[in-house]
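I sat down with this one to see how the chain is put together. My notes follow, in the order I looked things up.

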Amino acid sequence: PKTPDTNKDDDSCKKSGSIIDPSAQTLGELITIPGTPLAFVYSSDQMPGYAAVIEIPTTSNEPPESLISVSVELSIGGRTFSRTFQEVGPNLVARFIWDRKDAFGRLQTTQTTYRATITYEFPLVYYPVQDNFQRSFGRVGENVVLTGGTRSSRSIQVTDILEGFVSGYRDARALKLGGWTLNAHHEYDVKTSTPHTGDGRRLSYYASRGFTRTVLGGQGKRLSTCIDCGTRVNGTLAGPIAIASRPDGSVF
């Protein structure tokens with residue numbers, strides 16, 4: 001299964017009147033300040049009572065007919081939650097509601113990672129033909145692990161691991177405006193590289209993978225007798241101590 005997206009603020013559906021976000025399950029209000037381009041903004045996801053919803057997909061469109069049950073164990077913030085489905089169907093999703101508190105009762109306002117262990121239970125099958133038994137090992141796949149199974153239980157467990165994160169939230173109470181924010185007042189979370197805008201949105205940016213390209217040197221230290229060694233692209237340098245660049249890409 002794919003990692004679920006827990007940050008649904010940007011692609012949400014907004015309704016008229018009060019700002020109701022069905023996907024993120026938030027309620028908001030916006031009040032303009034007369035004579036200014038500013039506005040007061042309220043959003044329920046910026047208050048301590050807002051809980052995070054974590055959805056773990058467990059089955060596909062066509063789960064195996066032999067599947068007996070599915071169990072999901074979610075670990076987040078030092079706490080563990082679990083759900084078991086005895087009646088298995090297609091597109092089954094385990095839904096957890098997390099109050100954003102860790103094992104010590106501390107409110108988590110920054111991005112928090114979670115780990116979900118999905119256990120599938122299948123009946124043990126007897127193969128009278130050796131060739132059928134050998135082919136059965138290819139049905140499990142590369143992303144799952146056989147974790148148990150005994151003759152007494154007449155079943156076997158197959159485990160899959162799913163990891164993800166819950167986005168942090170902005171505590172509007174810190175602004176001392178009664179839980180409201182200004183639409184032009186933004187904050188930046190340096191730990192997760194997430195800007196929190198004044199109108200309640202979260203913007204995610206991911207740094208692109210960098211690369212290294214040699215423009216000069218790299219062939220050892222230049223000899224004092226070599227005059228033009230440092231002017232060639234594949235030349236050598238005596239002892240560089242600084243480097244500068246221009247917007248056009250020139251390097252000095």
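**Overall layout**

I started with the secondary structure and counted 1 helix and 13 strands in the chain. I am working from a predicted model here. Reading from the N terminus, I get the order β-β-β-β-β-β-β-β-α-β-β-β-β-β.

Next I looked up the totals. The chain has 252 residues, and 29% of them count as buried. Its exposed area is about 17,200 Å², with 53% of that supplied by carbon and sulfur atoms. I also checked how far apart in sequence the contacts reach: among those between residues at least 6 apart, 55% join residues at least 24 apart.

**Strand 4 and its partner**

Which side chains of strand 4 are buried, and which are not? In this strand, residues 52-57, I found Ala52, Ile54 and Ile56 pointing to one face and buried. Val53, Glu55 and Pro57 point to the other face and are not buried. I noted beside this that side chains in a regular strand alternate between the two faces of the sheet.

I then looked for the neighbour of strand 4. Strand 7 (residues 93-98) runs antiparallel to strand 4, and 6 bridges join the two. Within strand 7, phenylalanine 96 is the bridge partner of isoleucine 54.

**The core**

Where do Ile54 and Ile56 turn up again? They have the most contacts inside the largest nonpolar core, which has 21 residues. The elements giving two or more residues to this core are strand 4, strand 5 (69-76), strand 7, strand 8 (112-123) and strand 10 (155-166). Strand 8 gives the most, with 5 residues. For context, nonpolar side chains in soluble globular proteins tend to be buried together.

**Two residues in strands 2 and 3**

Is serine 43 buried or exposed? I found serine 43 in strand 3, which covers residues 39-43. It counts as buried because its relative accessibility is 11%, and the cut-off for buried is under 20%. Setting aside neighbours within four places in sequence, I see serine 43 in contact with Thr26, Leu27 and Gly28.

Isoleucine 31 sits in strand 2, residues 26-32. Its relative accessibility is 45%, so I logged isoleucine 31 as partly exposed. Which residues form a nonpolar patch on the surface with Ile31? The answer is Phe40 and Leu177, and the three together have about 230 Å² of accessible area.

Methods
Residues are numbered from 1 along each chain as its sequence is written. This is a predicted model: local features need pLDDT of at least 70, side-chain atom pairs count only at pLDDT 80 or more; totals for chains, interfaces and linings use all residues. Side-chain values use heavy atoms; hydrogens and water are left out. Patches are made of residues with over 30% relative accessible area and no salt bridge: like charges are joined within 9 Å, nonpolar side chains (Val, Leu, Ile, Met, Phe, Trp, Tyr) within 5 Å. Accessible areas come from the Shrake-Rupley method with a 1.4 Å probe; for residues, only the protein chains shown count as cover. A salt bridge is a side-chain nitrogen of Lys or Arg within 4 Å of a carboxyl oxygen of Asp or Glu. Helices (H or I, at least four residues) and strands (E, at least two) are DSSP runs, numbered from the N terminus. Buried means under 20% relative accessible area, exposed over 50%, partly exposed in between (1.4 Å probe, protein chains only). Contact means heavy atoms within 4.5 Å. Two strands pair if DSSP finds at least two bridges between them. A nonpolar core is a set of buried Ala, Val, Leu, Ile, Met, Phe, Trp, Tyr and Cys residues joined through side-chain atoms within 4.5 Å.
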